[in-house]
Amino acid sequence: MEVEKIIPMLKPLLENLVEGEYQLIQLTGRSGPYTSEELKELVEEYGGKLTIPPDEDYKNINIIEVEDELEYFIEYELWVDGEKSDLTLSCTVQFTEDEVRIIIENIHVL
């Protein structure tokens, strides 16, 4: 499994979400079906402030391998106000010959 390549993709995305850099997420092609405004709304509707998770929490990522594809589906419970929440980031990580891409699929309460 490509976990060692997935976490370095997930961390900067989480940092951008925590910092409210929704425009940057959209400009770098990681916002999936959402505009920067829609991402902001999804996060703000939940309430509280997104916070960076402790490093050891990255061991708790739910990673599902998509069969016959160089692709993984991730579900990660975001941290809000310093605690793990039920606000969940769902994304797809795609591997091609020259790059690894992470794309948000949804931010929702699980």
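## Exercises on a predicted single-chain model

**Exercise 1.** Determine what the radius of gyration of the protein chain says about its overall form.

*Solution.* A compact globule of 110 residues would have a radius of gyration near 13 Å, and the protein chain has 13 Å, which agrees. The model under study is a predicted one. Next, consider the extent of the C-alpha trace: along its principal axes it spans about 40 × 30 × 20 Å. Buried residues make up 37% of the 110 residues. The surface exposed by the chain is about 6,300 Å², of which carbon and sulfur atoms supply 47%. Finally, among contacts with a separation of 6 or more, 47% are accounted for by residues 24 or more positions apart.

**Exercise 2.** State how many helices and strands the protein chain holds, and in what order they occur.

*Solution.* The count gives three helices and five strands. Reading along the sequence yields the pattern α-α-α-β-β-β-β-β.

**Exercise 3.** Compare the span of helix 1 with the expected value, then identify its buried residues and what covers them.

*Solution.* Helix 1 comprises residues 3–18, that is, 16 residues. At 1.5 Å a residue, with the factor taken as one less than the number of residues, the helix should span 22 Å. Its end C-alpha atoms are 22 Å apart, so the two values agree. The buried residues of the helix are Ile6, Leu10, Leu13, Leu14, Asn16, Leu17 and Val18. The cover over these residues includes helix 2 (22–27), strand 1 (50–51), strand 2 (62–66), strand 3 (71–80), strand 4 and strand 5 (100–109). After helix 1 comes Gly20, with a positive phi near 75°.

**Exercise 4.** Establish whether Thr88 is buried or exposed, and list its surroundings.

*Solution.* Thr88 belongs to strand 4. Its relative accessible area is 1%; the cut-off for buried is under 20%, so Thr88 is buried. A polar atom of the Thr88 side chain lies 3.2 Å from the backbone oxygen of Asp86. When neighbours within four places in sequence are left aside, Thr88 is in contact with Glu75, Tyr76, Glu77, Asn106, Ile107, His108 and Leu110.

**Exercise 5.** Classify the aromatic pairs of the model and locate their members in the chain.

*Solution.* A pair of aromatic rings is described by the distance of the centres and the angle of the planes. The count comes to two aromatic pairs. In the pair of Tyr58 and Tyr76, the centres are 5.9 Å apart and the planes differ by 5°. Planes under 30 degrees apart count as stacked, so this pair is stacked. Tyr58 lies in the loop between strand 1 and strand 2, whereas Tyr76 lies in strand 3; the pair therefore ties together parts that are 18 residues apart in sequence. Both Tyr58 and Tyr76 are buried.

For Tyr72 and Phe95, the ring centres are 5.7 Å apart and the planes stand at 85°, so the pair is edge-to-face. Tyr72 is in strand 3 and Phe95 in strand 4, 23 residues apart, and the pair links these distant parts of the chain. Tyr72, at 5% relative accessibility, counts as buried.

**Exercise 6.** Describe the position of Phe95 and its separation from Asp57.

*Solution.* Phe95 is found in strand 4, which covers residues 83–95. With a relative accessible area of 10%, Phe95 is buried. Along the chain, Phe95 and Asp57 are 38 residues apart; their C-alpha atoms are separated by 23 Å.

Definitions and conventions. Residues are numbered from 1 along each chain as its sequence is written. This is a predicted model: local features need pLDDT of at least 70, side-chain atom pairs count only at pLDDT 80 or more; totals for chains, interfaces and linings use all residues. Side-chain values use heavy atoms; hydrogens and water are left out. Helices (H or I, at least four residues) and strands (E, at least two) are DSSP runs, numbered from the N terminus. Buried means under 20% relative accessible area, exposed over 50%, partly exposed in between (1.4 Å probe, protein chains only). Contact means heavy atoms within 4.5 Å. A polar contact is a pair of N or O atoms within 3.5 Å; within protein, one must be able to donate a hydrogen and the other to accept it, and residues adjacent in sequence count only if both atoms are side-chain atoms. The radius of gyration is taken over C-alpha atoms; the globule rule is 2.2 Å times the number of residues to the power 0.38. Accessible areas come from the Shrake-Rupley method with a 1.4 Å probe; for residues, only the protein chains shown count as cover. Rings of Phe, Tyr and Trp (its six-membered ring) pair if their centres lie within 6.5 Å; planes under 30 degrees apart count as stacked, over 60 as edge-to-face and the rest as tilted.
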